[in-house]
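Please find below a short note for a colleague who is meeting this structure for the first time. The points are meant to be read with the model open alongside.

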Amino acid sequence: MEKIKSLLDNFNIAEILPKLDALMGHIQPVLRFAILIGPVCLLVLGILYMLLPTREANHFFGYRCYFGMGSQEAWKAAQRIAGIVWTALGLVLLVVMLLISTRFSSGELEGSVGVALRCALWELGLVAASCIGIDITMAVLFDRNGNRRRGK
């Protein structure tokens, strides 16, 4: 028991913990990365869907929706629409998030984290809204069997 006491007497927890100044210096790049990764992923996926769509419907790569899986024509249309929407959304979000991330300051850590969290939530909401819009567009253009609706 005496050995444990002697070890604990010389124990200083401050030596183990990272220096807060060094840790706070790394928060801004992490926050910038966190809000920019979403738009970059959208942009890359959008370009891939437009330029390199898969030849046939599959369950691994591509934008899958109920009305887009019925035929090759519906599948190609879904990839093209998703590619256009996600490329445009990715470009717009990338510009907006770059502008917002330049306003992060080391003095206002809580404010920067709050802004980054709100940005991430907006990104998720806009991606969900774009998916709903793509699904509605596909439902208007195609029936459940993948046949183009009359006059569309």
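1. In this predicted model, helix H4 (residues 27–51) packs with helix H6 (residues 109–141) at an angle of about 10°, and their axes are 10 Å apart. Because angles under 35 degrees count as roughly parallel, H4 and H6 are described as roughly parallel to each other.

2. The contact between these two helices is made on the H4 side by Ile27, Leu31, Ile35, Gly38, Pro39 and Leu42, which meet Leu109, Ser112, Val113, Ala116, Cys119, Glu123 and Val127 of H6. Sorted by character, the residues of this contact comprise 10 nonpolar, 2 polar and 1 charged.

3. Helix H6 also contains Ser130, and this residue is buried, its relative accessible area being 10%. Leaving aside residues up to four places away in sequence, Ser130 touches Val85, Trp86 and Leu89.

4. Turning to the aromatic residues, the structure holds 4 aromatic pairs. One of them joins Tyr49 and Phe61 in an edge-to-face arrangement, with 5.4 Å centre to centre and 70° between the planes. This pair links distant parts of the chain, since Tyr49 belongs to helix H4 whereas Phe61 sits 12 residues apart from it, in the loop between H4 and helix H5 (72–101).

5. How buried or exposed are Tyr49 and Phe61? Tyr49 counts as buried, at 6% relative accessibility, while Phe61 is partly exposed, with a relative accessible area of 28%.

6. Ring pairs link Tyr49 and Phe61 with Tyr63 and Trp86 into a cluster, and Trp86 is also among the residues touched by Ser130.

How values were computed: Residues are numbered from 1 along each chain as its sequence is written. This is a predicted model: local features need pLDDT of at least 70, side-chain atom pairs count only at pLDDT 80 or more; totals for chains, interfaces and linings use all residues. Side-chain values use heavy atoms; hydrogens and water are left out. Axes are lines fitted to C-alpha atoms, for helices over the stretch in contact, and angles run from 0 to 180 degrees between N-to-C directions. Helices (H or I, at least four residues) and strands (E, at least two) are DSSP runs, numbered from the N terminus. Angles under 35 degrees count as roughly parallel, over 145 as roughly antiparallel, 65 to 115 as roughly perpendicular and the rest as oblique. Contact means heavy atoms within 4.5 Å. Ala, Val, Leu, Ile, Met, Phe, Trp, Tyr, Cys and Pro count as nonpolar, Asp, Glu, Lys and Arg as charged, and the others, Gly among them, as polar. Buried means under 20% relative accessible area, exposed over 50%, partly exposed in between (1.4 Å probe, protein chains only). Rings of Phe, Tyr and Trp (its six-membered ring) pair if their centres lie within 6.5 Å; planes under 30 degrees apart count as stacked, over 60 as edge-to-face and the rest as tilted.
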